[in-house]
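The following report describes the salt bridges of one protein chain and the solvent exposure of the residues that form them.

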Amino acid sequence: MQYLLMIYQNEIEYAKNDAATSQKMLAEYQAFTQSIIQNGNFKAGDRLQPTTTATTVRVREGKTLTTDGPFAETREQLGGYYLVEAKDLNEAIGIAARIPSARIGSIEVRPIWVYEK
């Protein structure tokens, strides 16, 4: 089964990291990503640009409305994701717990909807 692991953390706090801390976190992410590729769990994943680059789109009464920024003000922002293959929710949780940002933010684990063919 596939699961989307959404990585949330506070962008403002993360931006305060010095270069050495940022490099260490990047190295941890590279090692984690390589491990899930080698284990066959990795399907896709990317880091997202900051929420200041986001645009929220709504359609109301046939009109497209756009707003700069994310939909909601929150303490933590979606910073990236992994799409993984796991045998069950417990395995997906185990993978999510190894994501470096789990120590400073949160990881939302959500199963992908399977459509009947």
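In this predicted model, the side chains of Lys 16 and Glu 13 meet in a salt bridge, with a nitrogen-to-oxygen distance of 3.1 Å. Lys 16 counts as exposed because its relative accessibility, 58%, lies over the 50% cut-off, whereas Glu 13, at 43% relative accessibility, counts as partly exposed.

A salt bridge also forms between the side chains of Arg 103 and Glu 28, where the distance from N to O is 2.7 Å. This pair links distant parts of the chain, for Arg 103 sits in the loop between helix H3 (89-97) and strand E6 (106-111), while Glu 28 belongs to helix H2 (residues 19-38), and the two residues are 75 residues apart. With a relative accessibility of 57%, Arg 103 counts as exposed; Glu 28, by contrast, has 21% relative accessibility and therefore counts as partly exposed, since buried would require under 20%.

The side chains of Glu 108 and Arg 110 likewise meet in a salt bridge, at 2.4 Å from N to O. Glu 108 is partly exposed at 27% relative accessibility, and Arg 110 is partly exposed as well, with a relative accessible area of 46%. Elsewhere, salt bridges that share partners join Lys 24, Glu 28 and Arg 103 into one network.

The count comes to four salt bridges, and the table lists the N to O distances for pairs among them.

| Salt bridge | N to O distance |
|---|---|
| Lys 16 and Glu 13 | 3.1 Å |
| Arg 103 and Glu 28 | 2.7 Å |
| Glu 108 and Arg 110 | 2.4 Å |

Technical notes: Residues are numbered from 1 along each chain as its sequence is written. This is a predicted model: local features need pLDDT of at least 70, side-chain atom pairs count only at pLDDT 80 or more; totals for chains, interfaces and linings use all residues. Side-chain values use heavy atoms; hydrogens and water are left out. Buried means under 20% relative accessible area, exposed over 50%, partly exposed in between (1.4 Å probe, protein chains only). Helices (H or I, at least four residues) and strands (E, at least two) are DSSP runs, numbered from the N terminus.
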